[in-house]
Amino acid sequence: MAAFAGGGNAVDAALHAAVTLAVVYPHMCGVGGDLFALVQNPDGKLVAIDSSGRAPAGADPEGLRAAHGTSMPDSGPETITVPGAVRGWAAVHGQGAVLPWRQAFGAGIDAADGFPISRDLAWSIAQRADELRSDPGFAEVFFTRGIPSEGDRLAQPALARSLRTLAEDGDDAFYAGEIGARFVGGLRALGTPISTDDLAGHTADLLPPLRGRYRTLDVSVTPPGSQGFVLLEALAAVERLAIDPDPIGSDAGTLARVLMAASSDRDRHLADPEAMTIHVSALLDDGHMAALCDAVRGGSQGGHPASSPRPPHVPGDTVALVAADAEGWGVSLIQSLYSGFGAGILEPSSGIVPHDRGACFTLEPGHPNAIAPGKRPAHTLMPVAVHRDGDLVALAGTRGGHGQPQIDFMTLVRVFDLGLDAFEAVAGPRWLVGGMSPLRGEPWIEAEGAVPEEVRDSFGSSGFRVKTLGPMDRAVGHAQLIRIDGATLAAGSDPRADGGATAS
């Protein structure tokens, strides 16, 4: 709202929100995380931004295998990759923001001086308190008076100083300046093989989006290393199979097999694009889609290999935000620390929490996503834009780890197939094959208690073990949506989250 009130557009609004969320949602995103975005300008040009970081040049795959076998650790110094968020903010700003860069940091700096802890942040602190209190940086900032509760005031003075420097000196203050140097020094002391050269080499890549057709819609996502293609596979398969796409409809069991088959493709093939052994176009072509649909008709859930990376122990934590305006600007932006509070480290001199995105690598030799120096990991973040006849009709994004394609699928189906409004689309009952984790072992589903019992029973008949969650549960993600119909914008913000939809 402040960005619009100050004369800014949707790009400014998205950037202001992203910086502020990096402070007030430190369990989900921050300066130490990654960022993906889709930005559309009023001329209809859509640009994908991939600001995911690489493994340090000093990464030691054989040493990691000797210590951990074939699976990366869940968190800690060895899971830290180069943070991409700040350079991602600069890339977003460069796509059409009209307000000065430094203005995007005002609310975030104020919040870093002290803000009331939200419900979800309090929950996440409590979930990981024993581990976080053992880290000196977290202990000093978060636990000076025991475990904080909702409504308690949290101040992050070192982060406030870093944000002030970034506001004045730009993103190079992190990637080629004193903030980054202090951040690197603190992490190296803990055993992370990151260097200032690793930071200096980071780029936010501007790419053409990956696009797929669904009925009369063109659905755009960020290309690999993002998992966005999984959504395109699922939509294409549902249309080809001519099944009911309603997540709680008569074909929910078959739909679960579709989503598992598409997710299995991700876990087999997704990696740094430079390392993938099969091009994403081959996963979306008619031959592969026909084979996937044949497997679903035959009752297969995708034949997922047992050697896949194991799920992380902390639910994936990510923030998605969407913004649009009457001028035709539109943004879907997702930023993340991966696990709750990332690597479980707060670097004291900078106040920055680094992500544990390196946990998304595997240590399995020969796998396309095996860790290597300077390599980007397979990534979960996947903003979404939808067009009809060339016009932007929706922007979507969600928190949800490896379950993001499934959540976005349900959101889009509810809007465009079932005719629900934006809020109903993000608030409807959800279930996720494999939860937020990579697929592994016995096929299973986490389903909210609001999912009808007969639908949950149909999952069992389709070969899935079912875990029933609360009626409306954070474990099925936090979805955000803007529906655009000419000059009319309608927003829906997931009631499972602390956020909301605003209009200006």
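# Reading strands, cysteines and cavities

Biologist: I'm starting with a single residue. Which residue in strand 7 is the bridge partner of Arg-213?

Modeller: Arg-213 has Asp-218 as its bridge partner there. Keep in mind that we're looking at a predicted model. The general idea is that strands of a sheet pair through backbone hydrogen bonds, and they can do so in parallel or antiparallel fashion. Here, strand 6 and strand 7 (residues 217-221) run antiparallel and are joined by 5 bridges.

Biologist: OK, so how many strands are in the sheet with the order 6-7-10-11-15-16, and is it open?

Modeller: That order belongs to an open sheet of 6 strands, and the pairing is antiparallel. Now look for strands that pair on one side only: they are strand 6 (210-214) and strand 16 (488-493), the edge strands. Going from one strand to the next, you'll find an average twist of 20°.

Biologist: Which strands does helix 13 touch where it packs on the sheet?

Modeller: Helix 13 (residues 229-241) touches strand 6, strand 7 and strand 10 (384-388), and its direction makes about 20° with that of strand 6. Helix 17 (residues 404-416) packs on the sheet too: it touches strand 6, strand 7, strand 10, strand 11 (391-399) and strand 15 (478-485). Its direction makes about 140° with that of strand 11.

Biologist: What is the pairing in the sheet with the order 12-13-14?

Modeller: Mixed! That one is an open sheet of 3 strands. Its edge strands, each pairing on one side only, are strand 12 (431-433) and strand 14 (465-468). The twist averages 20° from one strand to the next. For a parallel case, go to strand 13 (residues 444-447) and strand 14, joined by 4 bridges. One pair to find by eye is Ile-445 with its bridge partner in strand 14, Val-466. Helix 19 (residues 453-461) packs on this sheet and touches strand 12, strand 13 and strand 14, with its direction at about 150° to that of strand 14.

Biologist: Let's do cysteines. How many disulfides does the structure hold?

Modeller: First the idea: a disulfide is a covalent bond between the sulfur atoms of two cysteines. This structure holds 0 of them.

Biologist: Why is Cys-29 not in a bond with the closest cysteine?

Modeller: Check the distance. The closest cysteine sulfur to that of Cys-29 is in Cys-360, and because it is 16 Å away, it is too far for a bond. The cut-off for a disulfide is within 2.5 Å.

Biologist: Is Cys-29 buried or exposed?

Modeller: Buried, because its relative accessibility is 1%, and buried means under 20%. Cys-360 is buried as well, with a relative accessible area of 9%.

Biologist: How many cavities of 30 Å³ or more are there?

Modeller: The count comes to 5. The second largest holds about 70 Å³ of space. You've already met one of its lining residues, Cys-29; others on the list include Ala-22, Pro-26, Gln-156, Leu-159 and Ile-352.

Biologist: One last residue. Where is the place of Ser-162?

Modeller: You'll find Ser-162 in helix 9 (residues 157-169). It counts as buried because its relative accessibility is 2%. Sequence distance and distance in space are two separate things to read: Ser-162 and Ser-349 are 187 residues apart in sequence, and 9.1 Å apart in space, C-alpha to C-alpha.

Biologist: And which residues does Ser-162 touch, not counting residues up to four places away in sequence?

Modeller: With those left out, Ser-162 touches Ile-179 and Ser-350.

Definitions and conventions
Residues numbered from 1 in each chain as written. Predicted model: local features only at pLDDT ≥ 70, side-chain atom pairs only at ≥ 80, totals over all residues. Heavy atoms only, no water. Buried < 20%, exposed > 50% of the residue type's maximum accessible area, 1.4 Å probe, protein only. Pairing = 2+ DSSP bridges. Helix = DSSP H or I, 4+ residues; strand = E, 2+ residues; numbered from the N terminus. Axes fitted to C-alpha atoms, helices over the stretch in contact; angles between N-to-C directions. Contact = heavy atoms within 4.5 Å. 1 Å grid on protein atoms, 1.4 Å probe; cavity = no way out; pocket = protein on both sides within 12 Å on 5 of 7 lines; lining within 4 Å. Points joined across faces, edges and corners; volume = space filled by probe spheres on them.
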